[in-house]
Amino acid sequence: MTDTETPMFIDIHAHFTTVPQALKSWRDQQIEEIEEHGRHLSPDGFDITDDEIAEALSSNQVRLQDEEGIDFSLLSPIAGKMAHHYGDQETSLTWSRLSNDVVHRASVLFPDRFANVCQLPQSPQGEIEVSVEELRRCVEDLSFVGCNLNPDPSDGYWQALPITDRYYYPLYEAMVDLGVPAMVHSSMSANPAVHGTCAHYLNGDTTAFMQLCQSDLFKDFPDLKLILPHGGGAVPYHWGRYRGAMQDQGRGELTEIIGNNIYFDTCVYHARGLKLLLDVVPTSNILFASEMIGAVRGTDPDTGRRFDDTRFLLESLDGVSEQELASIAAHNAFEVFPRLPEILEKTGTTPSTPAALTH
């Protein structure tokens with residue numbers, strides 16, 4: 001890979017995991033009220049100052065953007081704290097609105113750094129129309145560019161309908177109408193036998209992929225776009241198994257099934273795994289992402305870089321052309337998030353090449 005031109009890097013998978021403690025404490029209190037007393041905690045009176053939000057981002061996500069050469073990120077609420085299994089529909093709605101409003105304030109404070117992806121108020125026994133309403137509020141009123149869809153609102157017990165069920169169709173209709181994709185992102189695991197970030201998250205990616213491959217969802221919604229995070233879980237590693245299974249079922253080639261509908265991100269934290277992803281999945285279906293700051297926060301002793309420094313890993317790979325790099329770094333994001341270019345145009349965001357980066 002040559003170094004004659006520096007592409008813009010847009011991280012499509014970032015979480016505001018460093019929110020001020022007051023928000024996490026409020027959530028803990030909400031859960032206690034509904035689980036132990038059957039009461040709904042009102043968000044009235046809850047507040048976090050702009051200075052608290054700015055400090056939480058400046059010393060964490062923004063600092064790492066500068067260090068790792070990320071020009072812009074799509075920021076969403078903490079995935080693990082969506083925790084849809086707690087309480088009821090009202091519980092999920094109140095928590096989702098509060099969480100979405102906080103990440104929106106982050107993008108207002110740092111408009112040249114962040115746009116937003118929303119949490120949906122899913123609930124195991126809830127109505128999907130509630131999620132549709134929150135999606136529309138976030139997109140139409142707050143300029144969000146996408147949403148996170150939990151494939152297992154029971155959080156580790158898989159008691160929910162597959163994401164291809166007609167139950168979800170009103171949400172998909174709204175997504176297509178609004179021009180926004182969904183990242184199919186699991187939340188915490190309430191099942192003590194299944195680790196959250198290293199098992200349940202990857203199980204969710206893998207399970208959702210198989211649900212999609214065995215369905216006709218994209219015949220009903222040809223413009224629907226879904227992103228499988230964490231490199232797609234087991235999918236790239238077992239590509240031949242999935243190809244063979246689909247062939248046995250008469251469903252055709254896997255690349256034709258994913259088409260312009262299923263995408264994978266680069267949240268793979270070692271070079272050999274990332275190289276496998278690029279070797280197996282078409283470049284047009286890969287989006288740059290780091291999940292910063294997320295499941296893994298330490299430094300890899302083999303590289304001296306943070307495990308989630310995925311730009312460094314991507315640029316360290318041999319055989320990646322400038323065109324492929326540019327597509328993964330930003331161009332594909334513009335295709336999947338059609339509302340994003342207008343936001344970037346307003347901010348005048350341009351690529352950055354920090355001195356700390358090596359090639």
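Start by selecting Ile293 in this predicted model. Show whatever touches Ile293, skipping the neighbours within four places in sequence, and you'll get His15, Thr17, Thr18, Asn60, Gln61, Leu64 and Arg306. Ile293 sits in the loop between strand 8 and helix 12 (310-315). Is Ile293 buried or exposed? Its relative accessibility is 6%, so Ile293 counts as buried.

Now pick the sheet. You should find 8 strands in an open sheet, running in the order 1-2-3-4-5-6-7-8 with parallel pairing. Which strands are at the edges? They are strand 1 (10-15) and strand 8 (286-287), each of which pairs on one side only.

Stay with strand 8 for a moment. Strand 7 pairs with strand 8 over 2 bridges, in the parallel sense. Click on Asp265 and look across: Leu287 in strand 8 is opposite.

Next, move along to strand 4 (residues 146-149). Turn on its side chains and check the directions: Gly146 and Asn148 point one way, Cys147 and Leu149 the other, and all are buried. Strand 4 also pairs with strand 3 (residues 114-119), in the parallel sense and over 3 bridges. To see one partnership, select Gln119, whose bridge partner in strand 4 is Asn148.

From here, hop over to helix 6 (residues 169-178). Which of its residues are buried? Colour Tyr169, Leu171, Tyr172, Ala174, Met175 and Leu178, and you have them. Among the elements covering those residues are helix 5 (128-142), strand 4, strand 5 (182-184), helix 8 and strand 6. Just past the end of helix 6, look at Gly179, where phi is positive, at about 75°. If you'd like to relate this spot to your starting point, draw a line between the C-alpha atoms of Gly179 and Ile293: the separation is 27 Å, for residues 114 apart along the chain.

Time for some rings. The whole structure holds 11 aromatic pairs. Try Tyr169 and Phe221 for one of them: the ring centres are 4.8 Å apart and the planes lie at 85°, so this pair is edge-to-face. Tyr169 belongs to helix 6, while Phe221 is in the loop between helix 8 (217-220) and strand 6 (226-228), so the pair ties together parts 52 residues apart in sequence. Both Tyr169 and Phe221 are buried. Add Tyr167, Tyr168 and Tyr172 to your selection, and together with Tyr169 and Phe221 you have one aromatic cluster.

For another ring pair, go to Phe209 and Phe264. How are these rings arranged? The pair is tilted, at 6.0 Å centre to centre, with 55° between the planes. Phe209 is in helix 7 (residues 196-213) and Phe264 in strand 7 (residues 262-265), so to follow the link you cross between distant parts of the chain, 55 residues apart. Phe209 and Phe264 are both buried.

Last stop: select helix 2 (residues 50-58) along with helix 4 (residues 89-109). The two pack at about 80°, and their axes are 10 Å apart. Helix 2 and helix 4 are therefore roughly perpendicular to each other. Show the side chains where they meet: Asp50, Ile53, Ala54 and Leu57 from helix 2, against Val102, Arg105, Ala106 and Leu109 from helix 4. Colour this contact by class and you'll see 6 nonpolar residues, 2 charged ones and no polar ones.

Notes
Residues are numbered from 1 along each chain as its sequence is written. This is a predicted model: local features need pLDDT of at least 70, side-chain atom pairs count only at pLDDT 80 or more; totals for chains, interfaces and linings use all residues. Side-chain values use heavy atoms; hydrogens and water are left out. Axes are lines fitted to C-alpha atoms, for helices over the stretch in contact, and angles run from 0 to 180 degrees between N-to-C directions. Helices (H or I, at least four residues) and strands (E, at least two) are DSSP runs, numbered from the N terminus. Angles under 35 degrees count as roughly parallel, over 145 as roughly antiparallel, 65 to 115 as roughly perpendicular and the rest as oblique. Contact means heavy atoms within 4.5 Å. Ala, Val, Leu, Ile, Met, Phe, Trp, Tyr, Cys and Pro count as nonpolar, Asp, Glu, Lys and Arg as charged, and the others, Gly among them, as polar. Rings of Phe, Tyr and Trp (its six-membered ring) pair if their centres lie within 6.5 Å; planes under 30 degrees apart count as stacked, over 60 as edge-to-face and the rest as tilted. Buried means under 20% relative accessible area, exposed over 50%, partly exposed in between (1.4 Å probe, protein chains only). Two strands pair if DSSP finds at least two bridges between them.
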